[in-house]
Amino acid sequence: MAVCMRSVMASDPLYRLLAWLSPAYPVGAFSYSHGVETAVEEGLIKDRASLVGWLDSVLRRGTGAVDGALFAAGWRAASAGDWPSFDAVAERAAAWRGTAEMALESRQQGGSFLSITRTAWPHQALDEAHRRLEGELALPVAVALAAAVHGIALEQALTGYLHAFTANLISAALRAVPLGQTDGQVALAALESAVHDTAQAAVAVESLDDVGTATPLLDWCSLRHEIQYTRLFRS
């Protein structure tokens, strides 16, 4: 029975998804705050309630909405083996960043994710995407590609991605506000519906032309962070 269980787990897509989205996966996510550090500096995030409110907006009306739609489009193209469409999504994802720091954050993590996953969880499609795109891929599209070619369902993969994105920003806030670990977990629990709703909305998007953002303070914080005197994070 033990041998049988190990065999099942070895081919379990959920195992791969958990590995890729773990904080231990070495993509450098810990070094980015996605504007949270400046929001703390400017007093926009000062406690658990304001953190939850900030991240709810980022998920529903900001990066979560955009990256979720890009993830879904990339997953569908990769799942269908439609590589011209996938590359078009990847190109749009690379350009769809409000600031230089946001572009660096997504590009560096996406490139690292693709490189590591090609080594630890190899697949021909990952190698070919790396060659076509010269190793540079925005993070949501990179994860979507891996999920699609490794047989992980869109809704499961996207929800996991948005959960990991949210958890990372909460981790950044714990270091910057500071907040306690319990506050962090309570915040993550409070954002469960936002993650779920964002994933569902992204799956329902029919055209990327219909997607936009409404979080100008997020871009402002990112721009301010580029010249912030004291910084713990790269974004």
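These exercises, each with a worked solution, explore a predicted model of a protein chain.

**Exercise 1. The core**

Task: Find which residues have the most contacts inside the largest nonpolar core, and which helix gives the most to this core.

Solution:
- Step 1. Start with the core itself. The largest nonpolar core has 74 residues.
- Step 2. Pick out its best-connected members. Trp 54, Phe 113 and Leu 145 have the most contacts inside this core.
- Step 3. Turn to the helices. Helix H10, residues 154-176, gives the most to the core, with eleven residues.
- Step 4. Look around Trp 54. Leave aside neighbours within four places in sequence. Trp 54 is then in contact with Val 36, Ala 39, Leu 44, Ile 45, Leu 217, Leu 218 and Cys 221.

**Exercise 2. A patch on the surface**

Task: Decide whether Leu 217 is buried, partly exposed or exposed, and name the patch residues.

Solution:
- Step 1. Locate the residue. Leu 217 sits in helix H13, residues 216-225.
- Step 2. Apply the cut-offs. Buried means under 20% relative accessible area, and exposed means over 50%. Leu 217 has 43% relative accessibility, so it counts as partly exposed.
- Step 3. Name the patch. Leu 44, Leu 217 and Trp 220 form a nonpolar patch on the surface. Together they have about 250 Å² of accessible area.
- Step 4. Link this to Exercise 1. Leu 44 and Leu 217 are among the contacts of Trp 54.

**Exercise 3. The two sides of helix H11**

Task: Work out which residues of H11 are buried, and where they lie around the helix axis.

Solution:
- Step 1. List the buried residues. In helix H11, residues 181-190, these are Gly 184, Ala 187 and Leu 188.
- Step 2. Look down the axis. The buried residues of H11 fall within an arc of 100 degrees, so they line one face of the helix.
- Step 3. Recall the geometry. An α-helix has 3.6 residues a turn, so residues three or four places apart point the same way.
- Step 4. Check the face turned away. There H11 carries the exposed residues Thr 182, Gln 185 and Ala 189.
- Step 5. Find the packing partners. The buried residues of H11 pack against helix H4 (48-61), H10 and helix H12 (192-204).

**Exercise 4. Salt bridges**

Task: Describe what Arg 48 pairs with, and which parts of the chain the pair links.

Solution:
- Step 1. Take the total. The whole structure has eight salt bridges.
- Step 2. Find the partner. Arg 48 forms a salt bridge with Asp 183, and the closest N and O atoms are 2.8 Å apart.
- Step 3. Place both ends. Arg 48 is in helix H4 and Asp 183 is in helix H11, 135 residues apart. The pair links distant parts of the chain.
- Step 4. Check accessibility. Arg 48 is partly exposed at 34%. Asp 183 is partly exposed at 25%.
- Step 5. Try a second pair. Arg 132 and Asp 87 meet in a salt bridge, at 2.8 Å from N to O. Arg 132 lies in helix H8 (residues 124-132) and Asp 87 in helix H6 (residues 83-95), so this pair ties together parts 45 residues apart in sequence.
- Step 6. Check its ends. Arg 132 is partly exposed, with a relative accessible area of 27%. Asp 87 is buried, at 19%.
- Step 7. Add a network. Salt bridges link Asp 56, Arg 60 and Asp 197.

**Exercise 5. Unusual backbone geometry**

Task: Locate the residues with a positive phi and the cis peptide bond, using His 34, Glu 134 and Pro 178.

Solution:
- Step 1. Know the background. Most residues other than glycine have a negative phi, and most peptide bonds are trans.
- Step 2. Take His 34. Its phi is near 55 degrees, a positive value. His 34 is in the loop between helix H2 (13-20) and helix H3 (36-41). With a relative accessible area of 4%, His 34 is buried.
- Step 3. Take Glu 134. Its phi is also positive, near 55 degrees. Glu 134 is in the loop between H8 and helix H9 (139-149). At 71% relative accessibility, Glu 134 counts as exposed.
- Step 4. Take Pro 178. The peptide bond from Val 177 to Pro 178 is cis, with omega near -10 degrees. Pro 178 lies in the loop between H10 and H11.

Notes:
Residues are numbered from 1 along each chain as its sequence is written. This is a predicted model: local features need pLDDT of at least 70, side-chain atom pairs count only at pLDDT 80 or more; totals for chains, interfaces and linings use all residues. Side-chain values use heavy atoms; hydrogens and water are left out. Patches are made of residues with over 30% relative accessible area and no salt bridge: like charges are joined within 9 Å, nonpolar side chains (Val, Leu, Ile, Met, Phe, Trp, Tyr) within 5 Å. Accessible areas come from the Shrake-Rupley method with a 1.4 Å probe; for residues, only the protein chains shown count as cover. A salt bridge is a side-chain nitrogen of Lys or Arg within 4 Å of a carboxyl oxygen of Asp or Glu. Helices (H or I, at least four residues) and strands (E, at least two) are DSSP runs, numbered from the N terminus. Buried means under 20% relative accessible area, exposed over 50%, partly exposed in between (1.4 Å probe, protein chains only). A nonpolar core is a set of buried Ala, Val, Leu, Ile, Met, Phe, Trp, Tyr and Cys residues joined through side-chain atoms within 4.5 Å. Contact means heavy atoms within 4.5 Å. The arc is that of the directions from the helix axis to the C-beta atoms.
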